[in-house]
Amino acid sequence: MRRSVSADVYEFTRARLIEANLVGWTDAYGRSGHGSTVERARVIRDIYEDAAPVPGVIINPQTRDFLDEIRALVHEAISKGRSDGG
């Protein structure tokens with residue numbers, strides 16, 4: 001079951017953080033010149049905040065969707081583990 005969860009989380013993370021944000025990563029990489037470090041950091045921070053929002057006291061729809069996806073991913077991995085004899 002642990003392997004199943006790990007593999008699923010890896011794919012989820014890759015899809016959500018990298019593949020869904022290629023434009024943002026390209027934008028961050030392309031920044032240069034005076035002040036580019038601050039701008040690059042802002043773009044990267046925005047990518048992380050969108051891809052993996054940290055739940056706070058008040059849960060916004062984006063964070064709720066993220067948590068629902070994680071919950072479903074873990075539930076599916078547990079179900080697969082049970083059906084595989086784990």
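Buried here means under 20% relative accessible area, exposed means over 50%, and partly exposed is anything in between (1.4 Å probe, protein chains only). The views below come from a predicted model, where local features need pLDDT of at least 70, side-chain atom pairs count only at pLDDT 80 or more, and totals for chains, interfaces and linings use all residues. Residues are numbered from 1 along each chain as its sequence is written, and side-chain values use heavy atoms, with hydrogens and water left out.

**View A. Phe12 meets Phe66 in a tilted aromatic pair.** The structure has 2 aromatic pairs, where rings of Phe, Tyr and Trp (its six-membered ring) pair if their centres lie within 6.5 Å, and planes under 30 degrees apart are stacked, over 60 edge-to-face and the rest tilted. For Phe12 and Phe66, the centres sit 6.1 Å apart with 40° between the planes. Phe12 belongs to helix 1 (residues 2-18) and Phe66 to helix 4 (residues 61-83), so this pair links distant parts of the chain, 54 residues apart. Helices (H or I, at least four residues) and strands (E, at least two) are DSSP runs, numbered from the N terminus. Both Phe12 and Phe66 are buried.

**View B. Trp25 and Tyr48 pair up edge-to-face.** Here the rings are 6.0 Å centre to centre, with 85° between the planes. Trp25 sits in helix 2 (residues 22-30) and Tyr48 in helix 3 (residues 36-51), so the pair ties together parts 23 residues apart in sequence. Trp25 is partly exposed at 24% relative accessible area, and Tyr48 is partly exposed too, at 42%.

**View C. Glu69 and Arg16 form a salt bridge.** It takes a side-chain nitrogen of Lys or Arg within 4 Å of a carboxyl oxygen of Asp or Glu to count as a salt bridge, and the whole structure has 10 of them. In this one, the closest N and O atoms are 2.8 Å apart. With Glu69 in helix 4 and Arg16 in helix 1, the pair ties together parts 53 residues apart in sequence. Arg16 counts as buried at 18% relative accessibility, while Glu69 is partly exposed at 34%.

**View D. Arg71 and Asp68 bridge within helix 4.** Their closest N and O atoms are 2.8 Å apart, and the two residues are 3 apart, about one turn of the helix. Arg71 is exposed at 53%; Asp68, at 37%, is partly exposed.

**View E. Salt bridges that share partners build one network.** Its members are Asp27, Arg31, Glu39, Arg42, Arg45, Asp46 and Glu49. Glu39 bridges to Arg31, with the closest N and O atoms 3.3 Å apart. Glu39 is partly exposed at 30%, as is Arg31 at 25%.
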